[in-house]
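Got the viewer open? Let's take a walk through the model, one selection at a time.

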Amino acid sequence: MSMASTQDHFDVIVIGGSYAGQAAAMQLARARRRVLVIDAGVRRNRFAATSHGLLGQDGRSPDAIAAVGREQVQAYPTVQWLEGTAALARRTEDVFAVQDDQGRDFHARGLVLALGVVDDLPEIDGLSDRWGRSIFHCPYCHGYELAQGRIGVIGVGDVSLHQAMMLPDWGRVTLLINGSVIPDEAQRGDLQRRGVILEPTAIRRITEAATVELVDARLLAFDGLFVASRTRVASPIAEQLGCAMEEGPIGRYIRTNEFKETSVPGVFACGDAARMAGSVSFAIGDGAQAGTAAHQMLIFR
């Protein structure tokens, strides 16, 4: 990486320009700090037509929410927005150095990692094509729109029992065990009390909007399906910097304190990459916390 210049030196670099990154950048911009946002433009909820549960934006397109957010952040004169991918990051003697995928070098006293996550889905024929459209992972984001209809939970492990216990508040639930989990006697009793039907036969494929074809050729039609994806942080940047990670029930995420600072001083993390489980609302709140904490770090350290 090359030496810093006035053109490539910032107070804070925000890696990731989705909801969490935008919220962090806005706090720093309002403090009149020089901010670089490096954004690859790949949001986790890009497959969904609408976003729900975000106060003031309920039912709007995720594309529209993100576009307005970016426009508002870029309106601040101290913000520079770079479309690209942060490929490398390291700590030098007094600053952090970040290199993008074009080999350009940027430097800052602090970093905010809003890296996002990748959803690794079960290998079931027809599942990935319907992800975010009729197959979901978060009932708070998508359950209400199913209008208390027929809901299937695709089993992937113990986390599916948790989903199956929650989802009867949103509809009539069948847990498709699919060879992934065997509820014990107590768990079966809990599921029965919640009105959950257990289907032990394995899944062959998913057809129509949310119809499950079983290996015995039966067809189970649902209004929507839920499955717990495995998540992984979408960039190696946090590990390059030496940030400690946590193991959650659906995947690893970046460990942070109450101010969203990682185990590496001067590096903050927010959004789904720094939570056991997330949503747009949580991402925005965490981003605002990370941005304000990064600003105060500039002052008091």
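Here is a tour of one helix and then some strands.

Before you click, note that this is a predicted model: local features need pLDDT of at least 70, side-chain atom pairs count only at pLDDT 80 or more, and totals for chains, interfaces and linings use all residues. Residues are numbered from 1 along each chain as its sequence is written, and side-chain values use heavy atoms, with hydrogens and water left out.

**Stop one: helix 2.** Select residues 62-74, a helix of 13 residues. Helices (H or I, at least four residues) and strands (E, at least two) are DSSP runs, numbered from the N terminus. From first C-alpha to last, helix 2 reaches 18 Å, close to the 18 Å expected at 1.5 Å a residue; that expected span is 1.5 Å times one less than the number of residues.

Now color Pro62, Ile65, Ala66, Gly69 and Val73, the buried residues of helix 2. Buried means under 20% relative accessible area, with a 1.4 Å probe and protein chains only. Look down the axis of helix 2: its buried residues fall within an arc of 90 degrees, so they line one face. The arc is that of the directions from the helix axis to the C-beta atoms. What covers them? Show helix 1 (19-30) and strand 3 (79-83), which are included in the cover; contact here means heavy atoms within 4.5 Å.

Next, zoom in on serine 61. Serine 61 caps the N-terminal end of helix 2, with a side-chain oxygen 3.1 Å from the backbone nitrogen of aspartate 63.

**Stop two: an antiparallel sheet.** Select strands 12, 13 and 14, an open sheet in the order 12-13-14 with antiparallel pairing. Two strands pair if DSSP finds at least two bridges between them. Strand 12 (203-207) and strand 14 (219-221) stand at the edges, each with a single partner strand, so one side of each has no neighbour in the sheet. Four bridges link strand 12 with strand 13 (residues 211-214), and isoleucine 203 has leucine 214 as its bridge partner in strand 13.

**Stop three: a parallel sheet.** Five strands make this open sheet, in the order 8-15-9-10-11, and the pairing is parallel. Strand 8 (135-136) and strand 11 (197-199) are at the edges with a single partner strand each, so one side of each lacks a neighbour in the sheet. Strand 8 joins strand 15 (residues 224-227) by two bridges; there, isoleucine 135 stands opposite leucine 225.

**Last stop: a hairpin.** Select strand 17 (residues 245-248) and strand 18 (residues 251-254), which run antiparallel and share four bridges. A hairpin of two residues joins strand 17 to strand 18. Finish on glutamate 246, whose bridge partner in strand 18 is tyrosine 253.

Note on methods: Buried means under 20% relative accessible area, exposed over 50%, partly exposed in between (1.4 Å probe, protein chains only). A polar contact is a pair of N or O atoms within 3.5 Å; within protein, one must be able to donate a hydrogen and the other to accept it, and residues adjacent in sequence count only if both atoms are side-chain atoms.
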